[in-house]
Amino acid sequence: MKGSRRMAQGSGLRTQGIRLAFAVLAVLSAPTIGHAQGMGMPAPPEINPVSKKPAILDKVGIDQKIGQQLPLDAVFKDETGREVKLGEYFGARPVVMALAYYECPMLCTQVINGMTGALKTLSFDAGKDFEVVVISINPHEQPALAAEKKATYLKQYARPQTAAGWHFLTGDEPSIKTVAGAIGFRYAYDDQIGQYAHGTAIYVATAKGIVARYFLGVEFPPTHLRYALVEASNNKLGTIADQVLLFCYHYDPATGKYGVAILRAVRVGGVLTMAAILAFLFVSLRRERQADGHINDPRLEAGSAHRI
């Protein structure tokens, strides 16, 4: 009996101890939360409003304008400080373009790195098969900075003989906005961090300055870039294999990539199959005719008779 009483008393004491602990915890936590809110600290997550996208990002984006004519009369300065018109880099070859700014601490470097890396793997040469034009969106940047960037990426490209095919431009805001508007590049300056908010892409334009292809992101598949240059050159670049592959592939603006066009691939497969069948029939018939002619040859029959 005494043991049972002691066990009951111990259980009651434990229950009272647990209740007391919760009460103390409630008393201690209440002023802490109130003090935190009073000091301007955020309220618990369940009270906080849902985070919203920064308003500046509503002004940023890339609107694909395939077929748009670029303003070839827009005036800039090249990396030597010479005043040039954008049209000087068009007329003979397709152009790979990028809009960035040279002091960008983040995305711009990744974009130009990705572009240079992809071009480096191609057998095409800048200045011979295509031109490279990079335009700074910061009107305060000067040609000296552009020259530094050109030297950096020309070294990365590792083909010094192509220097005349790389162009790093600076210009005033009206010229920059004219080109950016034509190519669908929307950007905005963020005063709070002192940087430009912008999208990431490179562009391929025809020799006549028509926007042909967009490649979104910071990494660009070399094969897709090759296809774009072949198309933008009006099939003057590339090989017969490129032409066949381009017939089987189509450009998807949503992804900025080339994908297999199933119907075209089936057609090409059908044509190749028919060609193979016709070739087989032609060879078979020719062999049969040669065999028949060999059997019916009068000289062979005369020779046989003579031997008899």
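Arg213 is tucked away in this predicted model: with a relative accessible area of 16%, the residue falls under the 20% cut-off and so counts as buried. Its partner is Glu231, and the two side chains meet in a salt bridge with 3.2 Å from N to O. This pair ties together distant parts of the chain, as Arg213 sits in strand β11 (residues 211-216) and Glu231 in helix α5 (residues 222-232), 18 residues apart. Glu231 itself is partly exposed, at 32% relative accessibility. The bridge therefore joins a buried arginine to a partly exposed glutamate.

Helix α5, the home of Glu231, is mostly covered, with eight of its 11 residues buried. Among them are His224, Leu225, Arg226 and Tyr227. Ala228, Leu229, Val230 and Ala232 are also on the list of buried residues in α5. After the helix comes Asn234, and here the backbone does something worth a look: phi is positive, near 60°.

Ala232 turns up again in the next feature, the largest pocket. Rolling a probe the size of a water molecule over the atoms shows where empty space is left. The largest pocket found has a volume of about 160 Å³. Its lining is made up of 13 residues, and those nearest the centre are Ala92, Ala207, Ala232, Ser233 and Lys236. In terms of chemistry, the lining is a mix: five residues are nonpolar, four are polar and four are charged.

Back to salt bridges, of which the model has eight in total. One of them stays within a single helix. Glu173 pairs with Lys177, and their closest N and O atoms are 3.9 Å apart. That still makes the cut, because the limit is 4 Å. Both residues belong to helix α4 (residues 173-183), and being four residues apart puts about one helical turn between them. An α-helix has 3.6 residues a turn, so residues three or four places apart point the same way. Neither end of this bridge is buried: Glu173 is partly exposed at 40% relative accessible area, and Lys177 is partly exposed at 43%.

Another bridge runs between Asp78 and Arg82, with the closest N and O atoms 3.5 Å apart. The two ends sit in rather unlike surroundings. Asp78 is buried, at 6% relative accessibility, while Arg82 is partly exposed, at 42%. The pair doesn't stand alone either, as Asp78, Arg82 and Glu88 are linked in a network of salt bridges.

Thr80 lies in the loop between β2 (75-77) and β3 (83-85). With a relative accessible area of 64%, Thr80 is over the 50% cut-off and so counts as exposed. Its C-alpha atom is 9.4 Å from that of Phe168, a residue 88 places away along the chain.

Finally, there is a greasy spot on the outside. Ile277, Leu278 and Leu281 form a nonpolar patch on the surface, and together they offer about 270 Å² of accessible area. Ile277 belongs to helix α7 (residues 262-295). With a relative accessible area of 40%, Ile277 is partly exposed, and because patches take residues with over 30%, that value is enough for a place in one.

How values were computed. Residues numbered from 1 in each chain as written. Predicted model: local features only at pLDDT ≥ 70, side-chain atom pairs only at ≥ 80, totals over all residues. Heavy atoms only, no water. Patch = residues over 30% accessible without salt bridge, like charges linked within 9 Å, V, L, I, M, F, W, Y side chains within 5 Å. Areas by Shrake-Rupley, 256 points an atom, 1.4 Å probe, with all protein chains shown as cover. Helix = DSSP H or I, 4+ residues; strand = E, 2+ residues; numbered from the N terminus. Buried < 20%, exposed > 50% of the residue type's maximum accessible area, 1.4 Å probe, protein only. 1 Å grid on protein atoms, 1.4 Å probe; cavity = no way out; pocket = protein on both sides within 12 Å on 5 of 7 lines; lining within 4 Å. Points joined across faces, edges and corners; volume = space filled by probe spheres on them. Nonpolar A, V, L, I, M, F, W, Y, C, P; charged D, E, K, R; others polar.
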